[in-house]
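Subject: Structure for your review

Dear colleague,

Please find below the structure that I am handing over to you. I would be grateful if you could read the notes after it with the coordinates open.

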Amino acid sequence: MPAPTKGARLGGSPAHERMILAGLATELFRHKAITTTETKAKRLRPYAERLVTFAKKGDLSSRRRVMRTVRDRSVVHALFEEIAPTFSERPGGYTRITKVAPRKGDNAPMAVIELVQEEYSPKQAVVKEAEGAAKNASKDDDTAAAEATAPVESAEGSQDAAEEKPEA
């Protein structure tokens, strides 16, 4: 878990915040998606993703680390046997946060945090990376061409001026 934030916490004390996050993580792994406030969803994301990373390792020490947080054995079993194998190829980004309409009672901003269900394709990641690199290269070429033409013109102008002076 990342270092606790300074200032106000979700539940008042650091211990209460840890318990809130543990409960939210348990329900996220049980139901695959939960609706909560945006603040809680943003705090839950790194916490839950770290638990999934432990589950991907699959060894006994990782299972014990997850059991410290998620107290329900059936949820831990589902995390290690069903959820973690689906993320075996994915290098990160196991959760998605989607903002939804504010809560009716107090107008609190709400969000749905869910486990990503789409298959991860390393090919698509390579293609996106290549497209981004090509786009950056074309931008660099355009700026380099603009810079190359500007000094050449001024250099020619100074050469012409230097050549004219000896003739006069």
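The notes below go from the overall fold to the sheet, the salt bridges and the core.

Overall fold

Please bear in mind that this is a predicted model. The protein chain contains five helices and three strands, and their succession along the sequence is α-β-α-α-α-β-β-α. Of the 168 residues in the protein chain, 26% are buried. The chain exposes about 11300 Å², and 54% of that area is supplied by carbon and sulfur atoms. As to contacts between residues at least 6 apart in sequence, 55% of them join residues at least 24 apart.

The sheet and helix H1

The three strands form an open sheet in the order S1-S3-S2, and their pairing is antiparallel. Strand S1 (33-37) and strand S2 (95-100) are at the edges and have a single partner strand each, so one side of each lacks a neighbour in the sheet. From one strand to the next, the twist averages 25°. S1 and strand S3 (residues 110-115) run antiparallel and are joined by five bridges. To find this pairing in the model, you may start from Thr 36, whose bridge partner in S3 is Ala 111. Helix H1 (residues 14-31) lies across S1, S2 and S3, and its direction makes an angle of about 145° with S1.

Salt bridges

The structure holds eight salt bridges, and three of them are described here.

In one of them, the side chains of Glu 17 and Arg 43 meet with an N to O distance of 2.3 Å. Glu 17 belongs to helix H1 and Arg 43 to helix H2 (residues 38-57), so that the pair, 26 residues apart, links distant parts of the chain. Are these two residues buried or exposed? Glu 17 has a relative accessibility of 5% and therefore counts as buried. Arg 43, at 23% relative accessibility, counts as partly exposed.

A further salt bridge is formed by Asp 72 and Arg 30, with 2.3 Å between the closest N and O atoms. This pair also links distant parts of the chain: Asp 72 is in the loop between helix H3 (60-69) and helix H4 (73-86), whereas Arg 30 is in helix H1, and their positions lie 42 residues apart in the numbering. Asp 72 is partly exposed at a relative accessible area of 26%, and Arg 30 counts as partly exposed at 36% relative accessibility.

The third pair is Glu 38 and Lys 99, whose closest N and O atoms are 3.9 Å apart. Because Glu 38 lies in helix H2 and Lys 99 in strand S2, this salt bridge ties together parts that are 61 residues apart in sequence. Glu 38 is buried, at a relative accessible area of 16%, whereas Lys 99 is exposed, at 59%.

Salt bridges with shared partners also join Glu 27, Arg 30 and Asp 72 into one network.

The nonpolar core

In soluble globular proteins, nonpolar side chains tend to be buried together. In this model, the largest nonpolar core has 30 residues, of which Phe 29, Leu 44, Val 66 and Leu 79 touch the most other members. At least two residues of this core come from each of H1, H2, H4 and S3. Which element supplies the largest share of this core? That element is H2, with eight residues.

Val 66 may serve as a point of entry to this region. Residues up to four places away in sequence not counted, Val 66 touches Leu 51, Phe 54, Val 76, Leu 79 and Phe 80.

Thr 69

A last residue to inspect is Thr 69, which is placed in helix H3. Thr 69 has a relative accessible area of 14%; the cut-off for a buried residue is under 20%, so Thr 69 is buried. Its neighbours within four places in sequence left aside, Thr 69 is in contact with Ala 22, Tyr 47 and Leu 51.

Yours sincerely

Terms used:
Residues numbered from 1 in each chain as written. Predicted model: local features only at pLDDT ≥ 70, side-chain atom pairs only at ≥ 80, totals over all residues. Heavy atoms only, no water. Helix = DSSP H or I, 4+ residues; strand = E, 2+ residues; numbered from the N terminus. Buried < 20%, exposed > 50% of the residue type's maximum accessible area, 1.4 Å probe, protein only. Contact = heavy atoms within 4.5 Å. Areas by Shrake-Rupley, 256 points an atom, 1.4 Å probe, with all protein chains shown as cover. Pairing = 2+ DSSP bridges. Axes fitted to C-alpha atoms, helices over the stretch in contact; angles between N-to-C directions. Salt bridge = Lys/Arg side-chain N within 4 Å of Asp/Glu carboxyl O. Core = buried A, V, L, I, M, F, W, Y, C linked by side-chain atoms within 4.5 Å.
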